[in-house]
Amino acid sequence: MTATEPAQPGRPAQPAQPARQPEPVVLRGLLKTPSYRRILLLCALVGIPVSLVCFWFLAGLHELQRLLWESLPHSLGWDGPPWWWPLPLLLVGGIGVGLVVARLPGAGGHVPAAGLAVGGASTKVLPGVVLAAAASLPFGAVLGPEAPLIALGSGFALLLRDLGRGPATPQATALLGVAGAAAAIAAIFGSPLIAAVLLIEVVGVGGPQLVAVMLPALLSSGVGALVFTGFGRWTGLQTGGLTVKLPGPVPRLDAADVGWALLLAVVLAAVVREALGAGQVVAAFVAKGPVVRTALCALGAGVCAAAYALVTDRSPADVASSGQALMATLAGDPRAWGVGALVAVLLCKTVGYALCLGSMRGGPIFPALFLGAAAGVLAAPLPGLGVVPAVAAGLAAAGASVLRLPVSSAVMAILLVGSPGMTPVVILAAVAALITTELLPGPRRQLSG
């Protein structure tokens with residue numbers, strides 16, 4: 001019996017046409033395709049120069065930040081940056097970012113309040129991305145280097161393709177862009193595994209098609225990681241990698257750990273959600289006058305850092321930075337931080353984070369991870385909780401809140417704390433944070449491809 005379409009007035013019923021099923025992408029057949037094999041080889045080769053470029057980019061940012069926040073204050077006779085130090089630096093950085101946004105193609109890269117973008121890279125925006133990052137990150141913007149690094153990796157991979165007159169098909173462009181982004185992600189997070197898992201969730205496809213996309217990414221990130229780490233040892237330069245070394249033995253999880261971790265995840269998700277929402281409001285404000293308003297918002301972030309230094313008598317760099325270097329110090333010696341200092345850094349850094357999300361250029365992940373780690377250290381003395389599960393849960397919750405990618409956030413947290421035994425609490429915290437983030441009213445943008 002043949003199915004029929006509903007009859008229209010004045011027209012007889014017509015047999016329904018069978019739905020066309022999309023042809024499956026067979027991995028074996030794809031690997032036999034010469035064009036795909038050429039792209040695969042090109043992606044493997046691209047990982048080497050992209051990682052070298054990423055290395056020098058990160059090393060340059062790190063050295064400039066050390067010059068501005070350590071060497072220059074010491075040369076002027078201070079033991080460290082005085083409380084007012086972030087005010088002129090962030091003002092200058094804000095003016096620089098505003099000029100890039102107003103006058104260069106690509107506006108210096110995407111606004112970090114919109115999430116972390118992977119895809120849509122272009123060689124035309126590379127100068128603006130590099131200049132905006134150089135004006136933001138070393139001068140004290142409360143952002144991380146991951147977003148400009150991903151844009152640099154993708155754009156540079158396409159630039160190499162153009163210089164070598166490689167294939168410019170949509171498939172080649174997409175795969176090369178993903179491969180360059182994967183090499184950059186592996187460089188900044190120190191693991192090709194994070195790059196692979198992150199891109200799996202971003203691509204959002206399955207089966208052989210997923211493998212076809214991931215093969216170039218894995219090749220590029222794996223080769224790039226070897227070059228990146230080896231070049232770091234050869235030169236002796238530092239790039240400010242993301243590491244967390246927790247003290248003491250890893251405890252065994254119990255009911256108290258899980259209960260407090262879930263509560264911590266919900267609170268962190270609400271805070272990060274509000275920061276992202278405030279960042280989008282700031283972005284709308286800045287768009288009406290990029291130069292002046294970017295400078296004002298950057299100066300506001302400097303005021304947060306200066307106020308923190310005045311209240312706690314600690315360095316303003318605790319607030320005016322991405323937090324990636326401070327995170328290891330915080331987790332490694334949590335007793336060096338009093339309750340007042342932890343509360344102050346959480347409040348001031350959250351406000352500075354929101355201001356920079358909408359005005360400066362950088363990535364949203366690193367400051368969120370620092371907030372998660374700091375909240376974990378603050379919550380660690382709660383009955384039945386400890387530093388290791390609290391920090392692990394904080395990292396997972398903060399990552400899931402800002403990325404909306406639970407698996408990537410869980411893998412990232414487990415690798416950072418270096419403790420597979422924390423996997424249950426990490427997964428529960430990531431899921432709880434994601435559910436809270438999605439249910440609360442506010443911004444719903446996520447990492448996009």
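User: Before we dig in, what does "exposed" mean when we talk about a residue?

Analyst: Let's set the cut-offs before looking at this predicted model. A residue is buried when its relative accessible area is under 20%, and partly exposed sits in between. To count as exposed, the relative accessible area has to be over 50%.

User: Is valine 311 buried or exposed?

Analyst: Valine 311 is part of helix H10, which covers residues 290–312. Its relative accessible area is 68%, and the cut-off for the top class is over 50%. So valine 311 is exposed.

User: Which residues form a nonpolar patch on the surface, and how much accessible area do they have together?

Analyst: Val311 belongs to this patch, and so does Leu310. The other members are Leu72, Leu76, Trp78, Trp83 and Trp84. Together, the accessible area of the patch is about 700 Å².

User: Threonine 312 is found in helix H10. Which backbone oxygen does its side chain reach?

Analyst: Threonine 312 has a relative accessible area of 19%, so it counts as buried, with the cut-off at under 20%. Its side chain reaches a backbone oxygen at 2.7 Å. That oxygen belongs to tyrosine 308.

User: What is phi of aspartate 313 near?

Analyst: Aspartate 313 is in the loop between H10 and helix H11 (324–332). Aspartate 313 is exposed, with a relative accessible area of 72%. Its phi is positive, in a residue other than glycine, and the value is near 60°.

User: Where is alanine 107, and what is its phi near?

Analyst: Look in the loop between helix H3 (86–103) and helix H4 (126–136). Alanine 107 is partly exposed there, at 24% relative accessible area. It is a residue other than glycine with a positive phi, near 55°.

User: How many disulfides does the structure hold?

Analyst: A disulfide needs two cysteine sulfur atoms within 2.5 Å. For cysteine 297, which is buried at 7% relative accessibility, the closest cysteine sulfur is in cysteine 356, 8.6 Å away, so that's too far for a bond. Cysteine 348 is also too far for a bond, because its closest cysteine sulfur, in cysteine 304, is 6.0 Å away. For the structure, the number of disulfides is zero.

User: How many residues of H12 are buried?

Analyst: Helix H12 runs over residues 339–359 and reaches 30 Å from its first C-alpha to its last, close to the 30 Å expected. The helix is largely enclosed by the rest of the structure, because most of its 21 residues are buried. The number of buried ones is 16.

User: Which residues of H15 are buried?

Analyst: Helix H15 has 12 residues, 406–417, and reaches 17 Å from its first C-alpha to its last, close to the 16 Å expected. It is mostly covered, with nine of its 12 residues buried. They are Ser408, Ser409, Ala410, Val411, Met412, Ala413, Ile414, Leu416 and Val417.

User: Which residue follows H15, and what is its phi near?

Analyst: The residue that follows H15 is glycine 418. Its phi is positive, near 65°.

User: What separates the C-alpha atoms of isoleucine 39 and threonine 173?

Analyst: Isoleucine 39 is in helix H2 (residues 34–75), and it is buried, with a relative accessible area of 2%. Along the chain, isoleucine 39 and threonine 173 are 134 residues apart. In space, their C-alpha atoms are separated by 9.5 Å.

Conventions
Residues numbered from 1 in each chain as written. Predicted model: local features only at pLDDT ≥ 70, side-chain atom pairs only at ≥ 80, totals over all residues. Heavy atoms only, no water. Patch = residues over 30% accessible without salt bridge, like charges linked within 9 Å, V, L, I, M, F, W, Y side chains within 5 Å. Areas by Shrake-Rupley, 256 points an atom, 1.4 Å probe, with all protein chains shown as cover. Salt bridge = Lys/Arg side-chain N within 4 Å of Asp/Glu carboxyl O. Helix = DSSP H or I, 4+ residues; strand = E, 2+ residues; numbered from the N terminus. Buried < 20%, exposed > 50% of the residue type's maximum accessible area, 1.4 Å probe, protein only. Expected span 1.5 Å × (residues − 1). Polar contact = N/O pair within 3.5 Å; in protein donor to acceptor, adjacent residues only side chain to side chain.
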